[in-house]
Amino acid sequence: MIPTQAQSFSMLLVAIAPFLTAFVAPLVKRFVPQHAGWVLALIPASIFAYIFSFIDLIAQGEKLRFALPWIPMLGIELSFYLDGLSLVFGLLISGIGTFIVIYSGGYLSGHQHLGRFYAFILMFMGSMLGLVLADNVITLFVFWELTSITSFLLIGFDHSRQASRRAAIQALVITGGGGLLLLAGLVLIGFSMGTLDISTMLQYPGFMAEHSAYLPVFILVLFGAITKSAQVPFHFWLPNAMEAPTPVSAFLHSATMVKAGVYLLARFNPILGGTIEWQVTLPILGGITLITGALLALRQTDMKQMLAYTTMASLGMLVMLIGAGSKEAILAAMLFLVAHSFYKGGLFMVVGAIDHETGTRDITEVSGIAKELPITFFGAALAAFSMAGLPISLGFFAKEEIYLIAKTFEWQHWLIAIVALVGNALMMAAGAAIAIKPFLGPRIATPKSPHEAPLSMLAGPAILAVLGIAAGVFIYQFGDWFFSPSASAVYNHKVSNHLGLHFDPIPLGLSIATWALGGLIHWKLETVRDILRRIARVWTWGPDQGFDQFMFGLVRFADWITRIIQHGRLELYLILVFVALAGAVYAPMVLTGSIPPMPDVLPQLRFQEWGVLLIAALGLLAVVFGRTRLVAIVSLGVQGFAVALIFLLLGAPDLGFTQFMVETLSVVILALVMTKLHLDQRDNRVFEEVIRDGGLALVCGIGLTMLLLAVLQTDLDTTLTEFFTKTSVPIAHGRNIVNVILVDYRAIDTLGEISVVMTAGIAILALIRIRAGGPKRGIGAIKKAVKRATSSARKTRSAS
Amino acid sequence: MNTVIFRTIAPYLAALMIVFSIFVLLRGHNEPGGGFIGGLIAASAIAIYGISAGVAEVRRALVFHPITFAGFGVFIAALSGFMSLFVEVPFLKGLWLFINLSDGSELALSTPMLFDIGVYFVVLGAISTIALALEEDEDDK
């Protein structure tokens, strides 16, 4: 089916609407301060409904490409692609996004910047939807970077705290840097395959694997994915990102954004997958991330940190499964992806609620609040149920599907299954701790006495938790709708839906082992935590510290380079400029062996032309032997006037005219600069400097002369001259060809040039101003201005 | 240099140069001249006036800070390019309007002319900004 124009517009609107809503979000917040979250949630809810309307088509195996002409002259279209994979992601983003927007209203109720927060969250949602729906890889990249930027804004939302700012910058540097590598990889794929459209690329699976550019493409795309999806060794930004308000953690850093890397790998699995590189690198990276994340999670007592590390572990699981690449592994990845989004989004919101109600989120400081927060407890319990993979939650089927990989009895698949088993058991222990420890057991005093959270904060966790179970109960229907189509899209062949309760000894056996191990770890959690903490005390260096050292080193390096290049000594700058000029003039002549021969006869000149040359020569002598600087400057003007005269004599009045004016103004301005600089009247150079500067001047002069000779000895191409002469009057209505070229034929060049002139004017003005005050006073003035600005800002803040 | 004669003549000279610069600007499409050279002449006029009457007096006469003129120039030049938006032709394509005057002559208005006026203002603004800033005595401020 080819979508209609109207449908294409609607799909464009899906990605744009959250941005548009973001603009009015602060206004909505102002008019309905209490219920803004509910109102704004209508947008993601309707996006969800719209995407959901395609579910039958997609389930039948349709792939929809929505295209709108964008730059028709270049054949560039704005296109979106909807298949099983983007449908699942689109529904997760808009569905969970709906609850997150509602939840934010409760969690940040009364926060003075809540309106801004809504705007950021909605912008992020738009970026994420654009990312998963994009057909063109450049569009994908733009939205990819937008998610990094909006994530930066959200992590740093509480920007008055230093920890938030650091976490925000760290996340931006890591994910943004990975994004740049991804761009290079995407462009390289585009060049190799001759198309930028993912839908077209997907029609040639295996093409890239044979291509000579495969390895660089693989590495670049991989870096994009593993930085975004927090794989070891780039995982550290994710736990630090927990500085963000909890709705952000629930939405970006568990359910959606961090899965963008997984989406990328899944999306490109048919294009880049199936190779040795892919099937070795991804499972190893993912496996290491899974185990590292799960172990680090158990070390924490901050519940948000625990969830962050288990998220990292889950991302490792997904990367590992996509890398394994078998039909079962892909289907398992899709099941696990959705199951994880449901329970982890829910658990984050639960932890947010506990934090909001009790004033702490340290697992050792909260206990026995189930009576006060029954619904929250209900949500937490169901979510943890799915996280542990107990029957018949969605997590259970995800886990069964993962263990099905082992059925091939190949050693690498067994290894993956064992790693998954250990990871699952560790995550189960962490999940159980969060669901059980704060709610059951003896009641201990908390900083705030808890009440049940408001409805806005209950809706999300409760519904997601119920969904996690419902999807398990109706697994066959969900499989038809979501898991089979999305796995088919990733696998690039039909993956039939075989989901249901089958009693297969291998997966069931491994599941039982998982529960046993998980239960054991949970029972001995305190001991495990102690051991892990003891290890952490010994092993103090990690990539997190490495990041700081790297950034610090970068600044030091930049400082060092700046000191070398910008030494502030004018004569050295000038020498550098002229040495570069000489190099640029001589190098091509020497390298190509085209040094022009000396003309053997003197040119035949008329007597007035000789006269002008004589004036120029006298002017030159006056410059070199002038007693004072002022004389030298004015004599330099003589040179310019002589050139202007030559232009006039050769019939170029326009050039001559301009040359006169430029020369006059140069002399005036140079003379004025002289008075500003307070230089000596005379220029006292020592002998070595005279030799150095004079020599350099001669070398440059001779070089330019030779260049001119060389140019004059070749035949001039008169195509352009003829074109301009012929067309200047008929099509541009002007007889002054120079002017017509400037303002019509090449007006865009001129526009650029005058912008430069204006900018240079501003820069020079600033420089003169600073010099006028003297460097010390200049900096003092800036400091004073900053102080004034901050104090007045403080005044306005306190006034409002 | 700052003699009585110079000080007396300078305002007239500057005014004359400004008028001449506009003349040069407008004839530029067919005769030697144009926005660049016109702008240079106008900037020289301002520089001369500045030397004779003092920078403060020039700043008062100009009303706006000279760098504003440069910004205005870039704005006009870009604006002349956007005119093409209304007739759906590429950016900066020259558009012409010929008006027959009652005495039989023809008045030609065009976006390249507008563009050239923009160039004039940029050159005038940037150069006179620099010149005036340099002429200003440090004690003036």
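**T727(A) and the interface of chains A and B**

Author: In this predicted model, T727(A) is buried, with a relative accessible area of 13%.

Reader: Why is T727(A) called buried?

Author: Buried means under 20% relative accessible area, with exposed over 50% and partly exposed in between (1.4 Å probe, protein chains only); T727(A) has 13%, and is therefore buried. T727(A) sits in helix α32 (residues 719-732) of chain A, where a helix is a DSSP run of H or I of at least four residues, a strand is a run of E of at least two, and both are numbered from the N terminus.

Reader: What makes the pair T727(A) and Y745(A) a polar contact?

Author: A polar contact is a pair of N or O atoms within 3.5 Å; within protein, one must be able to donate a hydrogen and the other to accept it, and residues adjacent in sequence count only if both atoms are side-chain atoms. The side chains of T727(A) and Y745(A) are joined at 2.6 Å, so the pair falls within the 3.5 Å limit. Leaving aside residues up to four places away in sequence, T727(A) touches A732(A) and Y745(A), contact being heavy atoms within 4.5 Å.

Reader: How do you know that R735(A) and E31(B) form a salt bridge?

Author: The rule asks for a side-chain nitrogen of Lys or Arg within 4 Å of a carboxyl oxygen of Asp or Glu; R735(A) and E31(B) meet at 3.3 Å, N to O, and so satisfy it. Across the interface of chain A and chain B the rule finds one salt bridge, as well as ten residue pairs in polar contact, both residues at pLDDT 80 or more.

Reader: What makes up the side of chain A that touches chain B?

Author: Its residues divide into 23 nonpolar, nine polar and five charged, where Ala, Val, Leu, Ile, Met, Phe, Trp, Tyr, Cys and Pro count as nonpolar, Asp, Glu, Lys and Arg as charged, and the others, Gly among them, as polar. Helix α34(A) gives the most to this side, with 15 residues.

Reader: How much area do chain A and chain B bury between them?

Author: They bury about 3,600 Å², 74% of it on carbon and sulfur atoms; buried area is the accessible area (1.4 Å probe) that two parts lose on being put together, summed over both.

Author: Residues are numbered from 1 along each chain as its sequence is written, and chains are lettered from A in the order in which they are written. Local features need pLDDT of at least 70 and side-chain atom pairs pLDDT 80 or more, while totals for chains, interfaces and linings use all residues, and side-chain values use heavy atoms, without hydrogens and water.
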